[in-house]
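Reader: I am in my first year and still learning to read protein models. Could you take me slowly through one part of this one, and show me how that part sits among the others?

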Amino acid sequence: MRRPVLGSLLLASTNPERLRTWYVTALDPEDDSDVNGYGVLKFGEFYLFIDTRADVSDKNPEPGRVILNFDVADARAVAARMESAGVTWLAELEDRDGSLFATATDPDGNYVQIIQLSEAHRAGM
């Protein structure tokens, strides 16, 4: 039997177009399309679905519960792109023993982290 594969995540929003625009502008997905009413952004083999729901508030009340981690090759370049998109940083880009990390908040208050792991950290995983 084939094991489950985590291939996507749905972000529900009261303003999905604003949220989708932010992700497209800040993180430059490989693909940005509409599928059956959902905004679908492709990042590598992972799909981020963005849609509206009546049972969510304008801002995420517990943003630390789920953090979207984006593995990037050049954290400084991605952080600069995000800054030009008007990002709000929770934690600015910092070096942690050779790996680079930064955490932003999207327009709905969700935490979005960019990570550039060093070769040493990758080898230890």
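Before we come to that part, what pLDDT does the chain average? After that, please look closely at helix α1: which strands does α1 touch where it packs on the sheet?

Author: This is a predicted model, and it is sensible to begin with its confidence. The chain averages a pLDDT of 95, and 100% of the residues score at least 70. Confidence within the chain is highest in β8, at 98, and lowest in helix α3, residues 119–123, where the mean is 83. As a general caution, predicted coordinates should not be read in detail where pLDDT is low.

Helix α1 covers residues 16–27, and a careful way to describe its surroundings is to take first one sheet, then the other, and finally the helix that packs against it.

Let us start with the sheet whose four strands follow the order β1-β4-β3-β2, an open sheet with mixed pairing. The edges are taken by β1 (8–13) and β2, and each of these has a single partner strand, so one side of each is left without a neighbour in the sheet. From one strand to the next, the twist averages 25 degrees. Helix α1 packs on this sheet and touches β1, β2, β3 and β4, while its direction makes about 150 degrees with that of β4.

The word "mixed" becomes clearer when we follow the pairs one by one. Strands β1 and β4 pair in the parallel sense over six bridges, and Leu-9 stands opposite Leu-48 in β4. Strand β4, residues 46–52, is also joined to β3 by five bridges, but here the two strands run antiparallel, and Phe-43 has Phe-46 in β4 as its bridge partner. These two strands, β3 and β4, form a hairpin with two residues between them, and Gly-44 in the turn has a positive phi of about 65 degrees. On the other side of the pairing scheme, strand β2 (residues 31–35) and β3 are paired in the antiparallel sense, again over five bridges, with Gly-39 in β3 serving as the bridge partner of Asp-34. The hairpin of β2 and β3 likewise has two residues between the strands, and in it Asn-36 takes a positive phi near 50 degrees. Strand β3 itself, residues 38–43, has five of its six residues buried, so it is largely enclosed by the rest of the structure.

Now we can turn to the second group of strands. Here four strands form an open sheet in the order β5-β8-β7-β6, and the pairing is once more mixed. Strands β5 (67–71) and β6 (88–96) are the ones at the edges, each with a single partner strand, so one side of each is left without a neighbour in the sheet. The twist in this sheet averages 15 degrees from one strand to the next. Strand β7 (residues 99–105) is joined to strand β8 (residues 111–116) by six bridges, the two running antiparallel, and Thr-105 stands opposite Tyr-111 in β8. Helix α1 lies across β5, β7 and β8, and runs at about 15 degrees to β8.

One residue of β8 deserves a pause, namely Gln-113, whose place is in that strand. At 14% relative accessibility Gln-113 counts as buried, because the cut-off for that word is under 20%. Leaving out residues up to four places away in sequence, Gln-113 touches Ile-67, Leu-68, Asn-69 and Phe-70, and also Phe-101, Ala-102 and Thr-103.

The remaining neighbour of α1 to consider is helix α2, residues 75–84, which packs with α1 at an angle of about 140 degrees, with the axes 7 Å apart. That angle makes α1 oblique to α2, because only angles over 145 degrees would count as roughly antiparallel. On the α1 side, the residues that meet α2 are Trp-22, Val-24, Thr-25, Ala-26 and Leu-27, and on the α2 side they are Val-78, Arg-81 and Met-82. Sorted by class, this contact has six nonpolar residues, one polar and one charged.

To close the picture, you may compare Val-78 with a residue elsewhere, Val-56, which is found in the loop between β4 and β5. The two are 22 residues apart in sequence and 29 Å apart in space, C-alpha to C-alpha. Val-56, at 28% relative accessibility, counts as partly exposed, and, setting aside its neighbours within four places in sequence, Val-56 is in contact with Ala-12, Ser-13 and Thr-14.

Terms used:
Residues numbered from 1 in each chain as written. Predicted model: local features only at pLDDT ≥ 70, side-chain atom pairs only at ≥ 80, totals over all residues. Heavy atoms only, no water. Axes fitted to C-alpha atoms, helices over the stretch in contact; angles between N-to-C directions. Parallel < 35°, antiparallel > 145°, perpendicular 65-115°, else oblique. Contact = heavy atoms within 4.5 Å. Nonpolar A, V, L, I, M, F, W, Y, C, P; charged D, E, K, R; others polar. Pairing = 2+ DSSP bridges. Buried < 20%, exposed > 50% of the residue type's maximum accessible area, 1.4 Å probe, protein only. pLDDT = per-residue confidence, 0-100.
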